[in-house]
Amino acid sequence: MSTIAPQFRLSRFIASLFDLIFWVLLIFSLVGLPIVFIILFYIKLPVINGQFMTPYLALTWIADPSRTLPIVKAFIHTTIFKVVVFPGFGFAAILAAATIFIERKFLAKIQLRVGPLYCGKIEGILQLMGDGFKLMSKEIIIPAKADKPIFWMGPLLFVGAAGAFVSLIPVAPGWVVANPNVGLLAVFAVIGFFPIIAVLTAWAANSKWTFIGGLRALHQMVAFEIPLILSLLGVVILSGSLNLSHIVESQQHFWWITFVPIGAIVFFITIFAELERVPFDLPEAESEIVAGWLTEFSGMMYGLIQLGTYLKLYAFAGLFVVLFLGGWNGPMVWPPFPQDIITHGITIGPVTAKFPGLPLFDQEMLNGTLWFVIKTVGVILLILLPRGVFPRVRMDIALHTGWYKLIGLAFINIFIALGLLYAGVLGPGGLLQ
Amino acid sequence: MVDSVFLALSVITIGSAIVALEVRSLIYGSIALMITLSGVAGFFLLLDAPFVAMFQLSVYVGSIAVLILFTVMLVRRELIFNKVEDKRRRYAGIGLMLALMLGIGTIIIGSGLKTMDTNSPMVDYKKIGEDFLTYYSPALIVMGLILASSITGAMTLARREDVMDDQRAN
């Protein structure tokens, strides 16, 4: 028996649930439905299947699964679904949350520790949920001499910028939130916002640790942004497009990492610096400057920054997959949707139910998503790995690497790409059109 | 729709430009400047030039605003700015600006801009690149030389003579 509720009785609990359901239904039918009618009076209702859409009809459709599926299918292809659920925020947030948990277990296994163990009985899988509740219930403390507007805006802008980055990553053919013709340039524009947010929040917190961390973040990100941009130009030269979906389609036969491996390596190193991860975690070096530019954040503000950081991690891994590892391209391993269900419906014993509108997703999209997720998870694991292995580099070595060595390598990569194009290995008459 | 977006963008851009000039705090001034530059990027998007808009964002907001933040944060304010301010200078500035805008406006309106076709299709950035490499290639070469020489100059200036070779990180 739990000590939190010593008077607990299961029968009373079930009775209270029924009580709750009763009151919800009563209030919905007495208050909710009239409100819905009043609102619908002012909205022009659509005509679907020759029937005029009334609120009763809408509720009937929602209650009947065979009529709901076409509505769900229509909803899946709307922009709201794309932004909120599938290639957008929900999908990325689930992957990011899984990354946080996997990072802790993975590092623990590398260092022969156990990692989170007790929360949720099986290998501590509920640890993340517990951490989330802890962050949400903690008090948000703002330093007395902080610049409050900028301090409040910092985490929101950080998550916003990370979300904008996520929205540009194509997951499956046609499944991308924003597909501009200059997608890669949009990525560069979004990446440019992160150092500004870091240094502004660091300044606004009015603490020496945050300020040192913010200036380190600014120096490091600016130093590594240029090799990042230059290393991706090789791919642009070879594929002849700035649109990320076109770049994926151009890799149907060969991944670009086979032709421009140096660019891939340079980009992979700059990812660490842009994400402030080991070995370039100087902006939040916990053994030197407490937590760097995150020192003064508490509660859900810190939670938002963590969310943004891991969304950014997913977006960078996705960008690496899209540019160098062929994106959603891969052998067709997803089984086709059984034709019987489409033509005859599902038969269980004497009952046969027909579900018009199936399948919800086509085979190509599911297969593409599968390959994209496999590749992205692989890249994310490679990004997590150095944290258990490498020490932190010195600041001057980090900047020297960024400004001298990586820029030089990126230029070599551009010349290799141009050479491949002009020697006729690729392009017209070569391997790929 | 486009008109309302244009109006909102104009208000944001001009308003934050005035704030950038008038506000006391240098940090807030540079934030307002960033908003102005982003607003200009928004104008480019409205003009169907996403290529220029993205470069506006990544170069002006991503680099030049960062440079301004660097300067503001690393140098004491009293050392770089000695603000001389009186009413007469301000009114003279406003008057000068109005005269300039009036002059430029009459020139632009008188230049036959109104007869331009506004519904022409979007210019592809590949076409711009082709033009740069064919008809405008001398201009491209001159630009490349200027940029290369300025980068070389910057590297020469940034090289410190008092650091021994064995002290450098490599």
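This passage describes the helices, domains and chain contacts of a predicted model.

Chain B contains seven helices and zero strands. Read from the N terminus, its elements follow the order α-α-α-α-α-α-α. Of the 170 residues in chain B, 14% are buried. Among the contacts in chain B with a separation of 6 or more, 46% join residues that are 24 or more positions apart. The domain assignment splits chain B into domain 1, covering residues 1-81, and domain 2, covering residues 124-161. The centres of these two domains of chain B, taken over C-alpha atoms, are separated by 25 Å.

Two helices of chain B, H2 (residues 26-46) and H3, pack against each other, with axes that come within 8 Å and cross at roughly 170°. Angles over 145 degrees count as roughly antiparallel, and H2(B) is therefore roughly antiparallel to H3(B). On the H2(B) side, the residues that meet H3(B) include B:Leu26, B:Ile27, B:Leu33, B:Met34, B:Leu37 and B:Phe44. Their counterparts in H3(B) include B:Pro50, B:Val52, B:Leu57, B:Tyr60, B:Ile68 and B:Val72. By class, the residues of the contact between H2(B) and H3(B) comprise 19 nonpolar, three polar and no charged.

B:Leu26 lies in helix H2 of chain B and is among the residues of H2(B) that meet H3(B). B:Leu26 has 17 C-beta neighbours inside 10 Å and so counts as partly exposed, since a buried residue would need 20 or more and an exposed one 12 or fewer. The C-alpha atom of B:Leu26 is separated by 9.1 Å from that of B:Met73, although the two residues are 47 residues apart along the chain.

Helix H3(B) also takes part in the contact between the chains. In that contact, 16 residues of chain B touch 17 residues of chain A. Helix H3 (residues 50-74) gives the most to the chain B side, with 13 residues. The side of chain B that touches chain A is made up of 13 nonpolar, three polar and no charged residues.

In chain A, the domain assignment gives domain 1 (36-76) and domain 2 (127-422). The C-alpha centres of these two domains of chain A are 39 Å apart.

Helix H10 of chain A (residues 208-239) was examined for length, burial and packing. The 32 residues of H10(A), at 1.5 Å a residue, should span 46 Å, and this agrees with the 47 Å between its end C-alpha atoms. The expected value is 46 Å because the span is taken as 1.5 Å times one less than the number of residues. Most of H10(A) is covered, with 25 of its 32 residues buried. Just after this helix, A:Gly240 adopts a positive phi of about 70°.

One partner of H10(A) is helix H17 (residues 395-422) of chain A; the two axes come within 8 Å and cross at roughly 10°. With angles under 35 degrees counted as roughly parallel, H10(A) and H17(A) are therefore roughly parallel to each other. The residues of the contact of H10(A) with H17(A) consist of 22 nonpolar, six polar and one charged.

Key
Residues numbered from 1 in each chain as written. Chains lettered and ligands numbered in written order. Predicted model: local features only at pLDDT ≥ 70, side-chain atom pairs only at ≥ 80, totals over all residues. Domains from an automatic or database assignment. Axes fitted to C-alpha atoms, helices over the stretch in contact; angles between N-to-C directions. Helix = DSSP H or I, 4+ residues; strand = E, 2+ residues; numbered from the N terminus. Parallel < 35°, antiparallel > 145°, perpendicular 65-115°, else oblique. Nonpolar A, V, L, I, M, F, W, Y, C, P; charged D, E, K, R; others polar. Contact = placed C-beta atoms within 7 Å.
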